[in-house]
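Work through the following exercises with the sequence and the three-dimensional model side by side. Each task is followed by a solution that proceeds step by step.

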Amino acid sequence: MQASPGFRPQYRSSSAIASDRVERYIDEKTQKVAVLVSLGYGGYWSSYQYGKDIEIALFDRQIAKAVLDKDFEEAARLATAKLPLILPVEVRNLVVGWVDQGDEFWISEYDGFEM
């Protein structure tokens with residue numbers, strides 16, 4: 001997950017930081033960490049959050065599992081319960097990216113589209 005040309009960096013994170021605060025979804029085979037990003041314009045996800053809510057939006061294990069299972073109704077329920085700035089409709093644009101544990105990465109955003 002790297003910034004693409006034309007996108008401005010919005011949030012820099014590490015898949016290793018603050019592991020005691022947000023439980024992450026880790027793939028059993030690859031040991032990679034799931035990162036939630038929104039591929040829809042207009043529906044902000046992690047780039048619209050503040051403080052600990054950024055980590056929840058990026059890494060929350062329950063939301064990531066629901067997205068991987070394509071259970072967007074459950075993902076919306078979890079997201080709205082955990083993230084005060086999220087609208088349920090924004091969840092339909094979520095996908096899971098994978099990063100190695102401990103790697104730093106950038107989330108870039110343009111009009112709600114994150115990469």
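**Exercise 1. Determine how far strand 2 is covered, and identify the strand 3 residue that stands opposite Leu36.**

Solution. The model is a predicted one, and the first step is to take the residues of strand 2, which runs over 32-38, and to ask of each whether its relative accessible area falls under 20%, the cut-off for buried. Six of the seven residues pass this test, so that strand 2 is mostly covered. The next step is to look for its pairing: strand 2 and strand 3 are joined by seven bridges, in the antiparallel sense. Within strand 3, the residue opposite Leu36 is Val96.

**Exercise 2. Place the secondary structure elements in order along the chain, and state what share of the chain is buried.**

Solution. Counting the elements gives three helices and five strands. Read from the N terminus, they follow the order β-β-α-α-α-β-β-β. Of the 115 residues in the chain, 43% are buried. For the contacts, consider those with a separation of 6 or more: 76% of them join residues 24 or more positions apart. The accessible surface amounts to about 6400 Å², and carbon and sulfur atoms contribute 50% of this area.

**Exercise 3. Decide whether helix 1 is largely enclosed or largely open, and name its buried residues.**

Solution. Helix 1 spans residues 52-59, and seven of these eight residues are buried, so the helix is largely enclosed by the rest of the structure. The buried residues are Asp53, Ile54, Glu55, Ile56, Ala57, Leu58 and Phe59. One of them, Ala57, can be followed to a second position in the chain: its C-alpha atom is separated by 9.4 Å from that of Ile86, which lies 29 residues away along the chain. Ile86 belongs to the loop between helix 3 (72-82) and strand 3 (94-100), and it counts as buried because its relative accessibility is 6%.

**Exercise 4. Describe how helix 2 and helix 3 are arranged, and list the residues through which they meet.**

Solution. Begin with the axes, which for helix 2 (residues 61-68) and helix 3 come within 8 Å and cross at roughly 160°. Angles over 145 degrees count as roughly antiparallel, and the two helices are therefore roughly antiparallel to each other. The crossing of helix 2 past helix 3 is left-handed. From helix 2, Gln62, Ile63, Ala66 and Val67 take part in the contact, and on the helix 3 side they meet Phe72, Glu74, Ala75, Leu78, Ala79 and Lys82. As a last step, turn to burial: in helix 3 the buried residues are Ala75, Ala76, Leu78 and Ala79, and helix 2 is included in what covers them.

**Exercise 5. Find where Gln31 and Lys70 lie, and classify each as buried, partly exposed or exposed.**

Solution. It helps to recall that most residues other than glycine have a negative phi. Gln31, by contrast, has a positive phi, near 65°, and is located in the loop between strand 1 (8-14) and strand 2. Its relative accessibility is 41%, and Gln31 therefore counts as partly exposed. Lys70, which is not a glycine, likewise has a positive phi, of about 60°, and its place is in the loop between helix 2 and helix 3. Because its relative accessibility is 66%, Lys70 counts as exposed.

Methods: Residues are numbered from 1 along each chain as its sequence is written. This is a predicted model: local features need pLDDT of at least 70, side-chain atom pairs count only at pLDDT 80 or more; totals for chains, interfaces and linings use all residues. Side-chain values use heavy atoms; hydrogens and water are left out. Helices (H or I, at least four residues) and strands (E, at least two) are DSSP runs, numbered from the N terminus. Buried means under 20% relative accessible area, exposed over 50%, partly exposed in between (1.4 Å probe, protein chains only). Contact means heavy atoms within 4.5 Å. Accessible areas come from the Shrake-Rupley method with a 1.4 Å probe; for residues, only the protein chains shown count as cover. Two strands pair if DSSP finds at least two bridges between them. Axes are lines fitted to C-alpha atoms, for helices over the stretch in contact, and angles run from 0 to 180 degrees between N-to-C directions. Angles under 35 degrees count as roughly parallel, over 145 as roughly antiparallel, 65 to 115 as roughly perpendicular and the rest as oblique. A crossing is left-handed if the near helix is turned anticlockwise from the far one by less than a right angle, and right-handed if clockwise.
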